[in-house]
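Reader: I would like a close look at a single part of this model. Please take the surface and the contacts on it, and keep the cut-offs explicit.

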Amino acid sequence: YPATHLGRLLASLSAVSGVFATSLLTSALIKLLTRSSDEECAYNFLRRERAIERLPHLAASVIACAFRRRRRARQQAKGGSGVVRVLSAFAGGLSTIRQHRLVE
């Protein structure tokens, strides 16, 4: 610890200058890491384009899920034992896999 008044003054000045230098470094780093308005606009454009590309696949998935639920509801309405329902669902899954393999 500083013992004289001059030593205490120098310690205080060095502490204040250290805090000031750290704040300047932090503000410069934040300015480098934030996007400009043009960069933000380009980023939003790319996100929108990527979402548009994914939209047909997502729509097809939703439609396929709706048809599967409808088919499952019809099968359950017809009745039958639980084993028959499980086997028919398994067969439906196999046919779906075969169809996907034929398409690919």
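Author: What follows starts with the model itself and then turns to the surface.

This is a predicted model, in which local features need pLDDT of at least 70, side-chain atom pairs count only at pLDDT 80 or more, and totals for chains, interfaces and linings use all residues. Residues are numbered from 1 along each chain as its sequence is written, and side-chain values use heavy atoms, with hydrogens and water left out.

First, the confidence. pLDDT is the predictor's confidence in each residue, from 0 to 100. The chain has a mean pLDDT of 83, and 77% of its residues reach 70 or more. Helix H1 has the highest mean among the elements, at 95. Helix H3 (residues 82–103) has the lowest, at 63. Where pLDDT is low, the predicted coordinates should not be read in detail.

Next, the layout. The chain has three helices and zero strands. Its elements run α-α-α from the N terminus on. Helices (H or I, at least four residues) and strands (E, at least two) are DSSP runs, numbered from the N terminus.

Now the surface. The chain exposes about 9,700 Å². Carbon and sulfur atoms supply 66% of that area. Accessible areas come from the Shrake-Rupley method with a 1.4 Å probe; for residues, only the protein chains shown count as cover. Of the 104 residues, 1% count as buried. Buried means under 20% relative accessible area, exposed over 50%, and partly exposed in between (1.4 Å probe, protein chains only).

Leu6, Leu9, Leu10 and Leu13 make a nonpolar surface patch of about 410 Å². Patch residues have over 30% relative accessible area and no salt bridge; like charges are joined within 9 Å, and nonpolar side chains (Val, Leu, Ile, Met, Phe, Trp, Tyr) within 5 Å. Leu6 sits in helix H1 (residues 5–33). Leu6 counts as exposed because its relative accessibility is 55%.

Then the charged contact. A salt bridge puts a side-chain nitrogen of Lys or Arg within 4 Å of a carboxyl oxygen of Asp or Glu. That rule gives one salt bridge. Arg35 forms a salt bridge with Glu40, and their closest N and O atoms are 3.3 Å apart. Arg35 is partly exposed, at 45% relative accessible area. Glu40 is partly exposed too, at 31%.

Last, the cysteines. The structure holds zero disulfides, a disulfide being a pair of cysteine sulfur atoms within 2.5 Å. Cys41 counts as exposed, at 53% relative accessibility. Cys65 is partly exposed, with a relative accessible area of 36%.
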